[in-house]
Amino acid sequence: MINPPSAGAIPSRRRPYETITAALLGLCSFLVTAAAGPALAAGRPPKPAQSYGAGKVFKPEFKDLVRHADLIVVGRVSQIGGIPHPGPSRQRPGSRKYAYWEDSYALLEIEQVVKGKAPGRTVRVAFHSDLEGDKTNYQAGKKYIAFLLRPTKYPDSYTTAHFHYGQYRINDQGKAERVADPSEISKPSSTVIDSVRQAMGSAGKGS
């Protein structure tokens, strides 16, 4: 014999919309856990919202390029090499904040320092990142005016300010042309250097 439900009992049936909502919440929870699982299991935090290599390269105003650069030098590339393991390092937790990584380096023999203090007679520059639109390219034997950022991502290597927009290649006629920027005509390297000094002077007057 089946006893009837007591007067105070509440039926356990769900309304249709409650069932659908619960199912959707369960599915979302499963997907988030599945995506984060491998990273957490390997001891790595999930990737940031901006995935590695994502983003754009924007052309800066020349005065901003000069202002942002920690070191501006004229030098010739004596060596090109590879960076074997580009990417975040457990030994350098701060490196995880970067979303793109260079895979090559150039060794610049400094001929002239235009801004900043060089670490020595040579400077190592990391280049060729996986950021879409980065066309930075140093070639052995070539001479450059390089706008550089002090080492932060790599302990021993500078990087090029604003990517290829901070890199001028000097040809055999002594003219400087901005790498991968056909919108800017070549000009004597001395003209670019004078423009740097003028921009530095203008920044000083405005401060």
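**A guided tour from the β4–β5 hairpin**

Begin by selecting strands β4 and β5, which form a hairpin with 2 residues between them. The model in the viewer is predicted. β4 covers residues 143-154, and β5 covers residues 157-160. The two strands pair in the antiparallel sense over 3 bridges. To see one point of this pairing, display leucine 149, whose bridge partner in β5 is threonine 159.

Keep β4 selected and add strand β1, residues 71-82. β1 and β4 are likewise paired in the antiparallel sense, over 6 bridges. Select arginine 76 here; lysine 143 in β4 is its bridge partner.

Next, add strand β6, residues 167-170. This strand runs antiparallel to β4, and 4 bridges join the two. Alanine 146 is a residue to display at this step, as its bridge partner in β6 is glutamine 167. While the strands are on screen, a general point may help in reading the side chains: in a regular strand they alternate between the two faces of the sheet.

Now move along the chain to helix α3, residues 189-206, and select serine 189. Is serine 189 buried or exposed? Serine 189 has a relative accessible area of 18%, so it counts as buried, the cut-off being under 20%. Which residues is serine 189 in contact with, once its neighbours within four places in sequence are left aside? Display Ile145, Ile170, Gly174, Lys175 and Ala176 to see these contacts. Ile145 falls within the residue range of β4, and Ile170 within that of β6.

From there, select isoleucine 185, in the loop between β7 (175-178) and β8 (187-188). Isoleucine 185 is exposed because its relative accessible area is 67%, the threshold for exposed being over 50%. A distance can be displayed at this stop: the C-alpha atoms of isoleucine 185 and lysine 175 are separated by 9.7 Å, and the two residues are 10 apart along the chain. Lysine 175 is also among the residues in contact with serine 189.

Finally, show the whole protein. It has 3 helices and 8 strands, and the pattern read along the sequence is α-α-β-β-β-β-β-β-β-β-α. Of the 207 residues in the protein, 33% are buried. Among contacts between residues at least 6 apart in sequence, 66% join residues at least 24 apart. With the surface displayed, the accessible area comes to about 13200 Å², of which 55% belongs to carbon and sulfur atoms.

Notes:
Residues numbered from 1 in each chain as written. Predicted model: local features only at pLDDT ≥ 70, side-chain atom pairs only at ≥ 80, totals over all residues. Heavy atoms only, no water. Buried < 20%, exposed > 50% of the residue type's maximum accessible area, 1.4 Å probe, protein only. Contact = heavy atoms within 4.5 Å. Pairing = 2+ DSSP bridges. Areas by Shrake-Rupley, 256 points an atom, 1.4 Å probe, with all protein chains shown as cover.
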